[in-house]
Amino acid sequence: MNLAEIVAQMLHPVEREAVLGDLVEAGETGVQAFRSVLGLVVRRQAAWLASSIKEPRLWLGAGLLFPAARLLGRTALNSWLIYNHRHFDPALLAQEGFSIPRAIGEMFCSWALISACVLLATSNRRKASF
Amino acid sequence: MLGEFEYLLLSAAARLGENAYGAAIREEIEAATGKPCSIGALYTTLDRLEAKGLIQTWTGDASAQRGGRARRMVRVNAQGIEQATAFYNAVMRVSRGVSWSSI
């Protein structure tokens with residue numbers, strides 16, 4: 001699979017067939033073909049972004065994603081600390097702000113935020129434009 | 001009112017008739033303008049014209065010449081012909097009495 005075919009994976013399958021066929025017919029190969037397909041992909045993504053910019057779900061999702069990512073990072077660390085907490089001085093952990101109930105609470109918040117992001121992403125009912 | 005590139009695309013598709021598809025239209029436009037026509041511009045404009053109801057597109061047959069890949073066939077609708085005619089008439093009217101070679 002060449003570079004143009006790899007980038008073309010971002011296109012709708014029907015459009016991908018037509019575009020790659022056009023490139024074969026025009027004798028475009030290598031970098032030239034790659035640039036042609038990339039140009040179309042960029043235009044498609046820009047059009048999608050322009051049509052989505054007024055969607056509240058996009059901004060809501062972006063707003064949820066950042067705290068969700070931070071909490072997910074903390075959850076990973078908390079999980080490791082809960083699993084290994086016997087090896088640490090409880091006073092030191094408490095001094096660093098770690099407590100098992102709080103860690104479990106953060107885990108639930110993280111799960112809730114990630115679930116909200118997934119729900120937002122999967123609630124998109126729009127069909128492909130091609 | 002149509003855009004310049006939209007008009008070029010409609011004219012090329014109308015000229016090609018039953019043989020109008022992506023690569024052929026691109027070739028026609030490049031031959032007419034003497035400038036390269038990007039696949040991105042071509043396909044996004046095809047989508048826009050179809051959304052406006054000026055053309056109809058469908059998946060055509062695959063051929064060995066295209067590596068066994070299908071074509072995106074194009075047909076200009078009655079509304080497309082009407083809009084292209086209006087554009088052409090407007091250009092002709094506005095060009096009347098103008099001699100670009102003397103400017």
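Me: In this predicted model, is the crossing in which α2(B) passes α3(B) right-handed or left-handed?
Reply: The two helices pack with their axes 11 Å apart, at an angle of about 115°. As for the sense in which α2(B) passes α3(B), the crossing is right-handed.

Me: Which residues in α3(B) do Gly22(B), Ile25(B), Arg26(B) and Ile29(B) in α2(B) meet?
Reply: Sorted by class, the contact of α2(B) with α3(B) has 5 nonpolar residues, beside 1 polar and 1 charged. On the side of α3(B), the residues that meet those four of α2(B) are Ile39(B), Leu42(B) and Tyr43(B).

Me: How many residues of chain B, and how many of chain A, does the contact between the chains take, and what area do they bury between them?
Reply: The contact takes 20 residues from chain B and 20 residues from chain A. The size of an interface is often given as the accessible area lost when the parts come together. For chain B and chain A, 51% of that area is on carbon and sulfur atoms, and the whole comes to about 1,600 Å².

Me: Which residue of chain A does Arg69(B) meet in a salt bridge?
Reply: Between chain B and chain A the count is 6 salt bridges, and across this interface there are also 10 residue pairs in polar contact. In the salt bridge of Arg69(B), the distance from N to O is 3.0 Å, and the partner in chain A is Glu17(A).

Me: Which element gives the most to the side of chain B that touches chain A?
Reply: The elements of chain B that give two or more residues to this side are α2 (22-33), α3 (39-51) and β2 (69-76). With 6 residues, the element that gives the most is α3(B).

Me: What is the handedness of the crossing in which α4(A) passes α6(A)?
Reply: In chain A, the axes of helix α4 (residues 56-84) and helix α6 (residues 100-122) come within 8 Å and cross at roughly 145°. The residues of their contact divide into 18 nonpolar, 5 polar and 4 charged. The crossing of α4(A) past α6(A) is left-handed.

Me: How far apart in sequence are the parts that the pair Glu15(A) and Arg44(A) ties together?
Reply: Glu15(A) forms a salt bridge with Arg44(A), and their closest N and O atoms are 2.4 Å apart. Because Glu15(A) lies in helix α2 (residues 13-26) of chain A and Arg44(A) in helix α3 (residues 30-52) of chain A, the pair ties together parts whose separation in sequence is 29 residues.

How values were computed. Residues are numbered from 1 along each chain as its sequence is written. Chains are lettered from A and ligands numbered from 1 in the order in which they are written. This is a predicted model: local features need pLDDT of at least 70, side-chain atom pairs count only at pLDDT 80 or more; totals for chains, interfaces and linings use all residues. Side-chain values use heavy atoms; hydrogens and water are left out. Contact means heavy atoms within 4.5 Å. Buried area is the accessible area (1.4 Å probe) that two parts lose on being put together, summed over both. A salt bridge is a side-chain nitrogen of Lys or Arg within 4 Å of a carboxyl oxygen of Asp or Glu. A polar contact is a pair of N or O atoms within 3.5 Å; within protein, one must be able to donate a hydrogen and the other to accept it, and residues adjacent in sequence count only if both atoms are side-chain atoms. Axes are lines fitted to C-alpha atoms, for helices over the stretch in contact, and angles run from 0 to 180 degrees between N-to-C directions. A crossing is left-handed if the near helix is turned anticlockwise from the far one by less than a right angle, and right-handed if clockwise. Ala, Val, Leu, Ile, Met, Phe, Trp, Tyr, Cys and Pro count as nonpolar, Asp, Glu, Lys and Arg as charged, and the others, Gly among them, as polar.
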